[in-house]
Amino acid sequence: MMRDMSTNSSSSATNNRALIFAPHPDDAEIGMGGAIVKMLRQGWEVIIADITNGEPTPAGSAEIRREETARATEILGLTDRICLDLPNRYLENKLQYRNVLAEAIRKYKPDRKSTRLNSSHTDISRMPSSA
């Protein structure tokens, strides 16, 4: 089930739409915030799909993380952001989880898909390409 974190969840057609899959809220911003800003300035519509909500986290809370995500979304100037709400720490490259990513791909019909990863997100790295 996708949870909409945006101010405008329009899925209208565009020629320049990117869908960025991030394992947790803040991964896209940390890993490719500069590229996101550049794409937006070039006229791209950029949507971030946080694969998990990042909880449980050793610091903060779910509420703080939601507030930080909303603020980062606003600062970047994104109009669409979703959370796929898949299980953090227990996520595997399984059909049931890939189907959730595929649903986001079908909804947004991106021209470009990207995944922001580091070494702790190995299984997640294969999910968007196999969704």
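A residue counts as buried here when its relative accessible area is under 20%. That cut-off matters for what follows, since Arg17 sits at 2% relative accessibility and so counts as buried. The coordinates come from a predicted model, and everything below is computed from it.

Starting with the overall layout, the protein has 4 helices and 5 strands. Read from the N terminus, these elements follow the order β-β-α-β-α-β-α-β-α. Of the 131 residues in the protein, 42% are buried. The accessible surface adds up to about 7,100 Å², with carbon and sulfur atoms supplying 48% of that area. As for how the chain packs against itself, 83% of the contacts with a separation of 6 or more are between residues 24 or more positions apart.

Salt bridges come next, and the structure holds 5 of them. One of these brings together the side chains of Arg17 and Glu45, at 2.8 Å from N to O. Arg17 belongs to strand 2 (residues 17-22) and Glu45 to strand 3 (residues 45-52), so this pair links distant parts of the chain, 28 residues apart. Arg17, as noted, is buried at 2% relative accessibility. Its partner Glu45 has 17% relative accessibility, and because that value is under 20%, Glu45 counts as buried too.

A second pair is Glu29 and Arg81, whose closest N and O atoms are 2.7 Å apart. Glu29 is in helix 1 (residues 27-41) while Arg81 is in strand 4 (residues 80-86), so the salt bridge ties together parts that are 52 residues apart in sequence. Both Glu29 and Arg81 are buried. The pair is also part of something wider: Asp50 joins Glu29 and Arg81 in a network of salt bridges.

Glu55 and Arg65 make another salt bridge, with 3.2 Å between the closest N and O atoms. Here Glu55 comes from the loop between strand 3 and helix 2, and Arg65 from helix 2 itself, so the parts being tied together are 10 residues apart in sequence. Glu55 is buried, with a relative accessible area of 17%. Arg65 has 15% relative accessibility, which means that it counts as buried as well.

Moving to a nonpolar position, Ile48 is found in strand 3. With a relative accessible area of 0%, Ile48 is buried. What does Ile48 touch, once neighbours within four places in sequence are left aside? Its contacts are Ile20, Ala22, Ala28, Ile36, Leu76, Leu78, Asp80, Arg81 and Ile82. One name on that list, Arg81, has already come up as the salt-bridge partner of Glu29. Ile48 can also be placed relative to Ala18: the two are 30 residues apart in sequence, and their C-alpha atoms are 8.4 Å apart in space.

The surface has a charged feature of its own. Asp26, Glu63, Glu67 and Glu68 gather there in a patch of negative charge. One of these residues, Glu63, lies in helix 2, which spans residues 62-76. Helix 2 also carries Arg65, the residue that pairs with Glu55 in a salt bridge.

How values were computed. Residues are numbered from 1 along each chain as its sequence is written. This is a predicted model: local features need pLDDT of at least 70, side-chain atom pairs count only at pLDDT 80 or more; totals for chains, interfaces and linings use all residues. Side-chain values use heavy atoms; hydrogens and water are left out. Patches are made of residues with over 30% relative accessible area and no salt bridge: like charges are joined within 9 Å, nonpolar side chains (Val, Leu, Ile, Met, Phe, Trp, Tyr) within 5 Å. Accessible areas come from the Shrake-Rupley method with a 1.4 Å probe; for residues, only the protein chains shown count as cover. A salt bridge is a side-chain nitrogen of Lys or Arg within 4 Å of a carboxyl oxygen of Asp or Glu. Lys and Arg count as positive and Asp and Glu as negative; His and the chain ends are not counted. The place of a charge is taken as NZ of Lys, CZ of Arg, CG of Asp or CD of Glu. Helices (H or I, at least four residues) and strands (E, at least two) are DSSP runs, numbered from the N terminus. Buried means under 20% relative accessible area, exposed over 50%, partly exposed in between (1.4 Å probe, protein chains only). Contact means heavy atoms within 4.5 Å.
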